[in-house]
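Take a walk through this predicted model. The route goes from the sheet to a helix, and then to the charged side chains.

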Amino acid sequence: MIVELSQEEINFCKNLAQGRFDRARNRGSELSQIGTKFSKYQDDIHGMLSEWAVCKITNTFPSQVISPILKSKKKGEDLGDLSYRGFNFDVKSTHHRTGELWTDIINKNVDAYIFVVVQYQDNSALCDIKGVMMADELHNRPLTHGSKNQFRKPAHCATINELTTWNDWKEKYNESNA
């Protein structure tokens, strides 16, 4: 499922991402970026765009996305990126079309992960929602460096073909009766 974001939405998300990045660095959060970036904010921008896209398709107010308060996973304060149909979701993103869903920190407050590939096109961003994986399933996977040994540190990983599509996830959790 592809969600297109306008230039105005991109600009809004960029401002939010830069603020989130700067606040995190000011409080001493570790910066562990991988690969070459067009900007130190790139990962946060892609993350914010993907979170915004998921809020858009779920018709949820992005209160956790736009909050100026940073919550720590390690302290158990982070509830994910959005709540939808009784589930707390953590939205993960990449710009790699064959990227992988991964997490190196288990957040017990998150029920499921949504994986999004973000691509820019002219004056818009295309956010391709690749799928969903329940947190227990991802967290119970062995730590690896990814299917192509691409990650610097071990993480719980899943390839795109191991994810449940968004529509199949909604059907499984019976969105119409929620």
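How many bridges join β3 to β5, and do the two run parallel or antiparallel? Six bridges join them, and the strands run parallel. One point of register helps on screen: Phe-89 stands opposite Ala-112 in β5.

Now widen the view to the sheet. This open sheet has five strands, in the order β1-β6-β5-β3-β2, and its pairing is mixed. The edges belong to β1 (2–5) and β2 (82–84). Each has a single partner strand, so one side of each is left without a neighbour in the sheet. Neighbouring strands are turned by 35° against each other on average, direction ignored.

Start at the β2 edge. Here β2 is joined to β3 (residues 87–94) by three bridges, and the two strands run antiparallel. Tyr-84 has Phe-87 in β3 as its bridge partner.

Move on to the pair β5 and β6. Ten bridges join these strands, which run antiparallel. Within this pairing, Tyr-113 has its bridge partner, Met-133, in β6. The two strands form a hairpin with two residues between them. In that turn, Asp-122 has a positive phi of about 55°. How covered is β5? Mostly: eight of its ten residues are buried.

Next comes helix α2, residues 42–58. The helix lies across β1, β2, β3, β5 (112–121) and β6 (124–134). Against β5, α2 runs at about 110°. Is α2 enclosed or open? Of its 17 residues, 14 are buried, so the helix is largely enclosed by the rest of the structure. Its length can be checked too. At 1.5 Å a residue, the 17 residues should span 24 Å. The end C-alpha atoms are 24 Å apart, which agrees. Just after α2, Asn-59 takes a positive phi of about 55°.

Turn now to charge. Side chains of opposite charge can pair when their charged atoms come close. In this model the count comes to eight salt bridges.

One of them joins the side chains of Glu-9 and Lys-56, at 3.1 Å from N to O. Glu-9 lies in helix α1 (residues 7–26) and Lys-56 lies in α2, so the pair ties together parts that are 47 residues apart in sequence. Are the partners buried or exposed? Glu-9 counts as buried, because its relative accessibility is 16% and the cut-off for buried is under 20%. Lys-56, at 41% relative accessibility, counts as partly exposed.

A second link between the helices involves Asp-44 and Arg-20. Their side chains meet in a salt bridge at 4.0 Å, N to O. Asp-44 sits in α2 and Arg-20 in α1, so this pair links distant parts of the chain, 24 residues apart. Asp-44 is buried, with a relative accessible area of 18%. Arg-20 counts as buried as well, at 17% relative accessibility. Which residues are linked in a network of salt bridges with Arg-20? Asp-44 and Glu-51 are.

Finish with a salt bridge between Lys-130 and Asp-128, whose side chains meet at 2.8 Å, N to O. Lys-130 is partly exposed, with a relative accessible area of 25%.

Technical notes
Residues numbered from 1 in each chain as written. Predicted model: local features only at pLDDT ≥ 70, side-chain atom pairs only at ≥ 80, totals over all residues. Heavy atoms only, no water. Pairing = 2+ DSSP bridges. Helix = DSSP H or I, 4+ residues; strand = E, 2+ residues; numbered from the N terminus. Axes fitted to C-alpha atoms, helices over the stretch in contact; angles between N-to-C directions. Contact = heavy atoms within 4.5 Å. Expected span 1.5 Å × (residues − 1). Buried < 20%, exposed > 50% of the residue type's maximum accessible area, 1.4 Å probe, protein only.
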